[in-house]
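User: I would like to go through this model one term at a time. Please set each value against its definition before you conclude anything.

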Amino acid sequence: MELIVAHDRAGLDKARSSGSVALVPTMGALHEGHRSLIRMARAMGEQVVVSIFVNPLQFGPDEDYARYPRTLAADLEICAEEGVDVVFAPSPDDMYRPDRQVSVSAGEMGTIVEGAVRPGHFDGMLTVVLKLFNLVRPGIAVFGQKDAQQLALIRRMVVDLDLPIEIVGAPTVREGDGLALSSRNRYLTSDDRHAALALSRALRAGAAEREPAAVRAAAREVLASSALEVDYLVLVDPATFAEVPDSYRGEAVLAVAAKVGSTRLIDNLPLTF
Ligand code: AMP
């Protein structure tokens with residue numbers, strides 16, 4: 001089957017099947033992590049739609065919206081290789097009316113951890129995800145565990161707003177040396193790339209411990225001896241992103257964000273206590 005590329009909502013409507021649709025929302029600059037999400041979607045839906053949209057609403061004024069990599073031709077090749085049925089790649093003008101008023105609020109959960117460093121980011125992210133859900137009308141949508149707080153907030157939106165969509169989380173794909181794949185890795189110089197390994201190293205050092213306090217301490221120690229400018233290192237409940245107490249038992253996420261040179265990277269590992 002030929003890959004259909006829809007650049008606006010009319011094209012999407014024409015291409016959308018009446019059967020079960022699985023959606024993989026992305027901002028493009030596709031890599032192996034995105035491919036793994038696409039493969040998961042293919043195993044779950046009759047028609048796979050990949051959206052490629054660098055969402056201006058989720059970037060702060062000092063963030064990298066303008067320089068975010070846009071590689072549509074290469075992305076379409078990857079989608080064709082992976083057997084994607086439809087790529088939805090709208091323009092910002094097609095997605096947002098100039099007089100738009102209403103948007104989604106991520107609530108308090110959108111203001112902590114990653115949301116504390118990037119005010120408004122999660123509101124912008126949920127707003128575009130809800131719009132994509134309404135335009136594509138998928139039964140299933142696949143998101144990466146790499147953006148763990150994003151995944152948690154999307155699950156909350158589905159529950160709190162009664163969206164008839166199943167959310168599937170996919171494990172983080174890494175390079176052989178541990179670096180989590182990210183579209184932003186292409187900003188890294190070779191020195192940056194080497195320094196960035198401290199993120200996954202810190203997470204692994206934390207994961208080797210058995211108690212929350214020891215997990216935090218071990219991860220912090222690795223970060224302290226690195227060249228990274230750390231935004232946060234937290235051990236949180238995966239559903240709420242609230243810090244877990246030292247006596248905690250259950251699922252948790254050890255999450256880190258740091259600047260490497262001029263590039264900001266995030267990573268996390270799921271843990272069980
Ligand atoms: P992005 O294009 O960065 O907005 O990411 C689109 C989707 O791919 C999101 O659901 C991400 O969580 C997911 N993703 C990004 N990097 C990875 C990775 N290394 N492994 C698995 N999924 C990822």
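User: In what sense do strand 8 and strand 9 pair, and over how many bridges?

Analyst: This is a predicted model, where local features need pLDDT of at least 70, side-chain atom pairs count only at pLDDT 80 or more, and totals for chains, interfaces and linings use all residues. Numbering starts from 1 along each chain as its sequence is written, and side-chain values use heavy atoms, with hydrogens and water left out. Strand 8 (residues 251-260) and strand 9 pair in the antiparallel sense over ten bridges. Two strands pair if DSSP finds at least two bridges between them, so ten bridges meet the condition. The elements themselves are DSSP runs numbered from the N terminus: H or I over at least four residues for a helix, E over at least two for a strand.

User: Which residues stand opposite each other there, and what lies between the two strands?

Analyst: Leu254 is opposite Leu269 of strand 9, and Val256 has Asp267 as its bridge partner. Two residues separate the strands, which form a hairpin. Gly261, in the turn, has a positive phi of about 60°.

User: What is the partner of strand 8 besides strand 9?

Analyst: Strand 7 (residues 229-236) pairs with strand 8 over seven bridges, in the antiparallel sense. Val236 stands opposite Val253 in strand 8.

User: Why are strand 8 and strand 9 called largely enclosed?

Analyst: Buried means under 20% relative accessible area, exposed over 50%, and partly exposed in between (1.4 Å probe, protein chains only). Eight of the ten residues of strand 8 are buried, so the rest of the structure largely encloses it. For strand 9 (residues 263-272), seven of ten are buried, so the conclusion is largely enclosed here too.

User: Why does Asp64 count as buried, and where does it lie?

Analyst: Asp64 has 12% relative accessibility, and therefore counts as buried. It lies in the loop between strand 3 (47-52) and helix 3 (72-81). Its C-alpha is 34 Å from that of Ala43, with the two 21 residues apart along the chain.

User: How do you know what span to expect of helix 6, and how many of its residues are buried?

Analyst: The expected span is 1.5 Å times one less than the number of residues. Helix 6 (residues 121-136) has 16 residues, and its 22 Å from first C-alpha to last is close to the expected 22 Å. Of those 16 residues, 13 are buried. Arg137, just after the helix, takes a positive phi of about 50°.

User: What makes the approach of His34, Asp147 and Leu181 to the ligand a polar contact?

Analyst: A polar contact is a pair of N or O atoms within 3.5 Å; within protein, one must be able to donate a hydrogen and the other to accept it, and residues adjacent in sequence count only if both atoms are side-chain atoms. Polar side-chain atoms of His34 and Asp147 lie 2.9 Å and 2.6 Å from an oxygen atom of the ligand. A polar backbone atom of Leu181 is 2.9 Å from a ligand nitrogen. The protein buries 93% of the 490 Å² that the ligand exposes when taken alone (Shrake-Rupley method, 1.4 Å probe).

User: Which element gives the most to the shell around the ligand?

Analyst: Helix 2 does, with three residues.
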